[in-house]
Amino acid sequence: MSTIPATEPSFRESVDLMFNRAVALMELSPGLEEKIRVCNATYTVRFGVRLRGQIKTFTGYRSVHSEHMEPVKGGIRFALTVNQDEVEALAALMTYKCALVEAPFGGSKGGLRIDPREYDDHEMEQITRRFAYELIKRDMINPAQNVPAPDMGTGEREMAWIADQYARMNTTDINSRACVTGKPLNAGGISGRVEATGRGVQYALREFFRHPEDVKAAGMTGKLDGKRVIVQGLGNVGYHAAKFLQDEDGARIVGIIERDGALFSESGLDVDAVRDWIVKHDGITGFPDAVHTADGARVLEEECDILIPAALEGVINLSNAERIKAPLIIEAANGPITAGADDILREKGTVIIPDMYANAGGVTVSYFEWVKNLSHIRFGRMQRRQEESRHELIVQELERLSNHLGDQWSMTPDFKSKYLRGADELELVRSGLDDTMRIAYQSMRNVWHSREDVHDLRTAAYIVSIEKVAASYRAKGL
Ligand code: NAD
C-alpha cells in the first residue's frame, strides 16, 4: 500500500512527470531521453525465515535505475509500505542525486516489506542477513557493482550485518567492507555518516540563506537565525536537521509531526527532549509544554518560515497543497511533494529546495566512506601531524617576531590553539560535505537564474543532473 493518494499519479509516475518537465527544456535525442528515464531492472525476492516456530515469508526488492556509472548506489528501506513502484522511483532519484552532487555512482534502491517494530533484535538480524544473502549471491550487493546504505527503518546495525554477511560469503575479497555504507565506525564506517543527511539539510539551508536574491524569491528576508521551522518525522534525517538548525543556527522548531500526531509550541520545542520522549514513550503523545494535535498532517499547514518534510513520500498532495503556508519547503524526505502539489505550490510562489539536492548529504558521506574502505586508511591519517608541525613552525616564527615588537603584537591564545590543530576525519568529512552542498546548490541556482524558461529549483536540479548523465552515456558512445 502506498502513502500517495490513489487519485494521483504514483511516486514513480510523479518522478517521471518532473523528469519530463525538465527534458522538455533540453535538447536530448528522444532515444537518450527514454534511456535515462527508464529503470534498468528490478529484482523481486520472496524468502522464508523460520521465526517463532513458523516459516514467515518476506518480500524484498532491489532496483537498478541507471548503470551509466558503477557501482550503483542507494539505500535499503524497511517499511510495510515498500513496493516495486516506490523502489523504482527512489532508484531514479538516486541516479539524479548522485549526478547532481558528483558522487560517481549510478542509481539504485532496495526495500523489504516489513514493520521492524514487530521483531526483536535477534529476529531482525536473521531476516536482514537472509535478505542480504539473496542479494549478495546475485551481485546485487558488491563493492564494485551495487553498494546499499541506510534508509527509512534501517541504520548502522543493519549495515553492519550486511557487511558481515558479505564478508562471510566472499572471504577473499579485500574490499569487502566497501560493499555497503553507513556502517558503525568499528565495522569500517566513517565519522559523521549517521548525521550526514541532516547535516546536509542544514548546509543546504545555510547556502540558500547566503543568496539574498533567493531568500527574496521566497518572500523572506534575513538569515536562518530566528526562523520558525516545522519538521515532519523525527527519525535519523529529521532529528539531526532540526537539532543542528536549533543548536547552531538559532532556528526555532515550532512544530514536530510524528506518526501519532503533532506537537506545536510558538516559543519553540526542545528537539532533544522530544526525541528522548519518543524513545521512552514510543511516540510524542503526552509530551508536556506543547499543544498536541492528533491529526498530525494538519500541522503541515500551520504558519512557519521553513517546512521540512523528513518522513514519507506524497505527504503534500492535491488534498492539502493549496493550504500549505510555508514560503520555503526543503524536501529532506524523498518525494514528499507529488507532481500535482508541486504545480500548485509553484503557482503560489513557494520555493522548494528539491529532494535530490536537499537530502544528498547521506550519499555524499557514503561516497567518502566507500573511498575510505577502498583505500584502507582513515582520512587525515597521513597528513594531520605533518600539517600540525608546519603550523608549529609558523607559530614559532610569529612568536619570535612578536617578542621583538612588544606585547601588543602577541597572538591571541585562541588563534594559536585553533591554528595548530590539524583536521581529523570528522572535520574533513564536514568540509567535504559543506563544499559538495555549496557547489551543487550553485549549479542549480545558476540554471534557475540564467534561464528564462526555468522557474524553480527542482527543474533546474533535473536539468543539471540529466545533462551529466547524458554526457556520461555520450562518452560511452551511446
Ligand atoms: P527513519 O526511519 O529514521 O525516520 C522516519 C521518521 O518518520 C520516524 O521517526 C517515523 O516515526 C516518522 N514517521 C513515520 N510515519 C510518519 C507519519 N505518517 N507522519 C509523521 N512521521 C512519520 O528514516 P530516515 O532515514 O530519517 O528517512 C526519512 C526520509 O529521508 C525518507 O524519505 C528517506 O528516503 C529519506 N532519506 C534518508 C537518508 C538517510 O541517510 N537515512 C538519506 C537520504 C534520504
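Okay, the ligand. In this predicted model, 22 residues sit around the ligand, and the ones that come nearest are R77, D151, T197, E258 and N334. Let me pick out some individual atom pairs. E258 puts a polar side-chain atom 2.5 Å from a ligand oxygen. Then there are a couple of backbone approaches: a backbone N or O atom of V237 is 2.9 Å from an oxygen atom of the ligand, and for G153 the corresponding backbone distance, again to a ligand oxygen, is 3.1 Å.

Now, keep R77 in mind, one of those nearest residues, as we turn to the domains. The domain assignment splits the chain into domain 1, residues 39-187, and domain 2, residues 196-361. Their C-alpha centres are 28 Å apart. So what do the two domains bury between them? About 940 Å², with 58% of that on carbon and sulfur atoms. On the domain 1 side, L93, K97 and R117 account for 46% of the area buried against domain 2, and no other three residues supply as much.

In terms of contacts, 12 residues of domain 1 touch 11 residues of domain 2. Which residues form the salt bridge here? There's one salt bridge between the domains, and this is where R77 comes back: its side chain pairs with that of E313, at 3.0 Å from N to O. As for polar contacts, three residue pairs across the interface pass the rule, with both partners at pLDDT 80 or more. If you look at which element of domain 1 does the touching, helix α3, residues 84-100, gives the most, with six residues. And by class, that side of domain 1 has six nonpolar residues, six charged ones and no polar ones.

Zooming out for a second, the salt bridge count comes to 51 by the rule used here. One I'd like you to click on is E248 with R199, where the side chains meet at 2.9 Å, N to O. E248 belongs to helix α8, residues 236-249, and R199 to helix α6, residues 196-208, so this pair ties together parts that are 49 residues apart in sequence.

Last bit: backbone geometry. Most peptide bonds are trans, and most residues other than glycine have a negative phi. Here are two spots to check against that. The peptide bond from E70 to P71 is cis, with omega near 10 degrees. Where is P71? In the loop between β2 (54-66) and β3 (72-73). The other spot is D139, which isn't a glycine and yet has a positive phi, near 60 degrees. D139 is in a loop too, this one between α4 (121-136) and β6 (146-147).

So if you're opening the model now, I'd start with R77, since that name turned up twice: among the residues that come nearest the ligand, and in the salt bridge with E313. That's what I've got, thanks.

Methods
Residues are numbered from 1 along each chain as its sequence is written. This is a predicted model: local features need pLDDT of at least 70, side-chain atom pairs count only at pLDDT 80 or more; totals for chains, interfaces and linings use all residues. Side-chain values use heavy atoms; hydrogens and water are left out. Domain bounds come from an automatic or database domain assignment. Contact means heavy atoms within 4.5 Å. Buried area is the accessible area (1.4 Å probe) that two parts lose on being put together, summed over both. A salt bridge is a side-chain nitrogen of Lys or Arg within 4 Å of a carboxyl oxygen of Asp or Glu. A polar contact is a pair of N or O atoms within 3.5 Å; within protein, one must be able to donate a hydrogen and the other to accept it, and residues adjacent in sequence count only if both atoms are side-chain atoms. Helices (H or I, at least four residues) and strands (E, at least two) are DSSP runs, numbered from the N terminus. Ala, Val, Leu, Ile, Met, Phe, Trp, Tyr, Cys and Pro count as nonpolar, Asp, Glu, Lys and Arg as charged, and the others, Gly among them, as polar. A residue is near a molecule or strand if one of its heavy atoms lies within 4 Å of it.
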